[in-house]
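Reader: I should be grateful for a close look at a single part of this model. Please treat it in one connected account.

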Amino acid sequence: MGLLTILKKMKQKEREMRLLMLGLDNAGKTTILKKFNGEDVSTISPTLGFNIKTLEHKGFKLNIWDVGGQKSLRSYWRNYFESTDGLVWVVDSADRLRLEDCRKELSSLLLEERLAGATLLVFANKQDLPGALSKEAIQEALALDDIKSHHWCIIGCSAVTGKNLLAGVDWLLDDIAARIFTTD
Amino acid sequence: MEAMAEHSQETRVTGESGADKIQERLQRRHQARAEDAERKKEAKESRSVAEEKSEYFSSTFNAERASIEELLSSCSGADRAVVTQTLEEATVKTLQLQKFLNDSMLFLTQYELRRAQDALQKLLTSSADIREEALPKKKFAFRARSKATDKVSAPPVTDTPAVTDSTKVDVVAPAESVQCCFSNMDNVCVIKTAEEIHKQDVLLTHLTNCKVRLFGSPSTLHMTHIDNCEILCGPVSSSVFVDHCRNSTLAIPCQQLRTHNTTDTQVYLHITSRAIVEDCRGVGFAPFTFSYPTLDEDFIVSGLDRDRNNWSQVDDFNWLAAGTPSPNWTVIPEADRKTNWEL
Ligand SMILES: Nc1nc2c(ncn2[C@@H]2O[C@H](COP(=O)(O)OP(=O)(O)OP(=O)(O)O)[C@@H](O)[C@H]2O)c(=O)[nH]1
Ligand SMILES: [Mg+2]
């Protein structure tokens, strides 16, 4: 039995999921991850490389990968695609100037073969800012309705207040679980 | 815990002869000293274990990489079946190597990590190249994929430069959300008070020869296309995003500073995390010294820790060589720092 088969077996037994968080720099990925895990968010620096967090939620073991979104790091995103069950795409809803950038990066990710089976959760983050666009506006700007290749959902949230983070993750887990854990 | 254990022991020995007591105390002290020495030794060892680990990592990683490269090069001239099998083997090995890297990242420096990621990327690219060349059937799969590409990315046909971007943004912006925005100004002085910018997301764009004073605590500050300006701002509770800024002076307290495409600019900074630069040249940093009457209150509103200022800890995302400092930013020498600020 090869290593990969063993890994796959282990994954099923432990009800383990691998989530990949991506998005432009400054979107709030690391803040979401830490807030979700109940950690202090006031000392977070821009991510040079990546963070990984393993946590238990609803009986699942989640391996969450948070990869830096600076321009110079985006070419490394592909190194993290392998065996991703859920893709969390984080958007700074107040950053109108880079929405088009954001749409392009997302649409090229969705063409990746290795992400083909992943469920997509879009977090329209920073909803607490007065200038934030609504999740409907983000949905339109990112042309989410054109996505036919992945299960997706968009949720407006705020990493600073914590609003809707749980709702988003719960939707994601349910969708993934329905796909990969019900067959056995 | 330890003290408690000692205490209970102490009570047990009372009543025994004084000599016994002293004897036991001495012994205990000796033991404590020995344990302490042991602890120190362990700490030292674990430090060198970290170093050893990183050495073990690079030698294992490199050996593994070399063996994958060998596999890949053995593909040239081989027949289809052999190539298929060899590629399969190379892929599995590459994935294992990736897993090894993931498991090792806790003790690797960012630099080592990046190099390893680069190496993995090269392996993946060259095996994809070989596959495409040697196994034309797979090529068919690639073609199928690029068809999908056409379908999904149909919109980008209208993909002409920047101009479309801004029109698109305008279309998208609904009336209900209000952003506090100052743009397209030349040679003016902009002064905003706390009420106007309090907890707002403030945007400054296309400003030339301007003086900007933001007396208050915005939630976040975004500035782009700033030329020859002096921008002073009260404490920003989250991030400051700077893009395309030149010949300017900025003075800001904030949680994060993200500087892009910026040249010849001085930043007087109070920052509670770390600043970054990307695609920048000639950016100088010095501690924040600017002050205005309500600064103290605004600091409180922002929630920033006033005692924590990492103004000189700057990461250059284009310069990750360990040990050598980035040529793209400097600390402004004390003698050259600006000391009188006009309100
Ligand atoms: N107001 C507000 N600010 C937020 C929110 N989420 C994140 N931020 C702020 O946005 C800035 C960027 O957050 P990070 O979590 O570092 O962003 P990131 O996506 O991890 O960025 P990279 O690591 O560079 O890819 C920080 O200053 C956060 O405090 C939010 O929901 N509301
Ligand atoms: Mg981050």
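How many salt bridges does the rule find across the interface of chain B and chain A? Please describe that interface, together with the ligand site.

Author: The model is a predicted one, and in it the rule finds zero salt bridges across the interface of chain B and chain A. Charged residues are nevertheless present there: the side of chain B that touches chain A has 15 of them, along with 22 polar and 18 nonpolar residues. Polar contacts do occur, and twelve residue pairs across the interface, with both residues at pLDDT 80 or more, are joined in this way. In terms of contact, 47 residues of chain A meet 55 residues of chain B. The size of an interface is often given as the accessible area lost when the parts come together. For chain B and chain A the buried area is about 4,700 Å², and carbon and sulfur atoms contribute 57% of that area.

The ligand site also involves both chains. Ligand 1 is surrounded by residues from chains A and B, and the site is therefore shared between chains. The surrounding residues number 26, and the closest are Lys29(A), Thr31(A), Gly69(A), Asp128(A) and Gln255(B).

Several polar approaches to oxygen atoms of ligand 1 can be specified. Lys126(A) places a polar side-chain atom 3.0 Å from an oxygen atom of the ligand. For Ser158(A), an N or O atom of the side chain is 3.3 Å from a ligand oxygen atom. Val160(A), by contrast, takes part through its backbone, with an N or O atom 3.4 Å from an oxygen atom of ligand 1.

Note on methods. Residues numbered from 1 in each chain as written. Chains lettered and ligands numbered in written order. Predicted model: local features only at pLDDT ≥ 70, side-chain atom pairs only at ≥ 80, totals over all residues. Heavy atoms only, no water. Contact = heavy atoms within 4.5 Å. Buried area = accessible area lost by both parts, 1.4 Å probe. Salt bridge = Lys/Arg side-chain N within 4 Å of Asp/Glu carboxyl O. Polar contact = N/O pair within 3.5 Å; in protein donor to acceptor, adjacent residues only side chain to side chain. Nonpolar A, V, L, I, M, F, W, Y, C, P; charged D, E, K, R; others polar. Near = heavy atom within 4 Å.
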